[in-house]
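Colleague: Please show me the structure, and then we can go through its charged pairs.

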Amino acid sequence: FDTYIFSPFHDGAGGQTDQRLLVVALKWTALADTSQAAISSIIDLDLAQTATNGREFAVQRSSGNYLVEQNDAGVRFLIASLGDTALQTTAGISGSAQDPMALLKNGQAFGDHPLDADGASDAHLVLGMRQQVAGGTIAKGESGWVAIVLSLSIDAAHSENQQWQAVSQFMGSRTAEQLVSDEVAFWDTWHSKESIPAGVHPYERRLFRQSTAILKMGQVREGGRGHGQILASLIPGNWNISWVRDAAYAIMGLTAAGHYDEAKAGLSFMLGAQMRKDGNRNFYQVNYIERDLGVSLSSDYAISVTRYYGNGTEESDINTAGPNIEWDNWGLFLWALGDYVAKSGDRTLVDAHWDTISLRVADLLIELTESERDLLHTDSSIWERHWSRYGAAVEPETRKHFTYSNICAYQG
């Protein structure tokens with residue numbers, strides 16, 4: 001077996017998709033002559049965990065040859081089959097005799113306990129899908145493909161029919177093998193635009209391509225205010241949230257590689273993000289920066305003091321020593337923006353947002369400079385020391401003058 005598991009970037013029509021999809025494709029090869037072959041999949045999504053009533057529901061739609069698993073909180077998966085000639089599906093309570101895994105272990109067919117149009121509902125359902133990949137005689141060395149495509153919707157206003165139409169459009173009339181080859185072609189085309197340093201070893205070239213691919217995968221493609229933000233780590237990493245600092249370095253990496261569209265999207269996200277508010281003022285500015293430093297800034301800042309939620313709003317972690325407030329973010333943003341303009345020659349962001357860039361980012365760094373030291377006021381910086389005055393909290397170190405913040409401000 002050769003297995004391919006990926007969240008597709010290609011949309012099947014030469015572009016890029018923003019659907020929440022997962023493709024699980026398998027190429028099988030017969031090691032001996034046989035009379036038939038089938039592939040069984042166990043699907044354990046456990047949507048009851050996020051349900052308000054503690055239950056989930058599953059059903060097979062014969063009209064589209066797909067399964068639906070959903071809960072009452074608006075979370076819905078569609079699971080479609082590709083490459084089968086006779087699909088069998090089942091659903092059973094986890095750990096019960098009709099759990100699909102138990103059926104397989106006991107040599108029972110999914111068809112003996114079918115999931116049908118009436119569906120099933122319980123606190124923890126496990127779904128089974130058996131794809132008949134070939135009928136008749138299969139010769140040694142013969143191969144074929146099957147796949148399942150999972151689609152996630154978390155929007156209650158997005159109907160099942162709309163979701164299925166979008167999945168159907170993505171799949172089209174393609175085979176499982178074509179889904180895989182089209183995804184590989186997408187990445188080959190994307191990588192072909194890269195500016196890779198001359199003379200690198202083949203291993204270094206592979207590492208370069210893997211690194212840019214991870215940056216691409218870490219950028220939000222969904223529409224809305226969160227579009228374009230770059231996460232500090234991919235799921236299942238703990239830090240799958242967008243820090244200004246991590247994103248700025250990622251943007252500079254994308255710019256250096258020649259991926260200007262992605263770099264621009266990351267910068268556009270930050271320029272369009274929503275700061276946390278206290279009334280009509282920035283929350284951290286009024287309640288911490290201006291209050292504790294005794295300054296009155298000329299504008300409300302435009303770039304987060306720490307990081308962003310997925311919906312494009314500002315967030316900073318906080319404890320008994322206060323929040324993290326990091327001046328290096330603003331300098332890093334300016335640095336990444338200037339680097340993008342210098343390398344791409346594209347000034348559209350600067351021209352469209354000059355007042356924001358100059359008045360709500362750059363000027364504020366100047367205003368936060370202490371005249372007696374020519375250093376920025378104390379902050380949390382890259383070390384994420386919390387906001388309380390140095391020595392005034394349980395933490396051994398809190399805000400102070402950090403070289404790193406000043407270097408980033410100067411560079412920006």
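**Salt bridges**

Modeller: Aspartate 346 and lysine 264 form a salt bridge, with their closest N and O atoms 3.0 Å apart. A salt bridge here is a side-chain nitrogen of Lys or Arg within 4 Å of a carboxyl oxygen of Asp or Glu. This is a predicted model, in which local features need pLDDT of at least 70, side-chain atom pairs count only at pLDDT 80 or more, and totals for chains, interfaces and linings use all residues. Residues are numbered from 1 along each chain as its sequence is written, and side-chain values use heavy atoms, leaving out hydrogens and water.

Colleague: How many residues apart are aspartate 346 and lysine 264?

Modeller: Aspartate 346 sits in the loop between helix 8 (328–344) and helix 9 (348–352). Lysine 264 belongs to helix 6 (residues 260–272). Helices (H or I, at least four residues) and strands (E, at least two) are DSSP runs, numbered from the N terminus. The pair links distant parts of the chain, and the separation is 82 residues.

Colleague: Is aspartate 346 buried or exposed?

Modeller: Buried means under 20% relative accessible area, exposed over 50%, and partly exposed in between (1.4 Å probe, protein chains only). Aspartate 346 has a relative accessible area of 16%, so aspartate 346 is buried.

Colleague: Which residues are joined into one network by salt bridges that share partners?

Modeller: Arginine 281 forms a salt bridge with glutamate 290 (3.3 Å, N to O). Aspartate 300 also forms a salt bridge with arginine 281, at 2.8 Å between the closest N and O atoms. Through shared partners, the network consists of Lys277, Arg281, Glu290 and Asp300.
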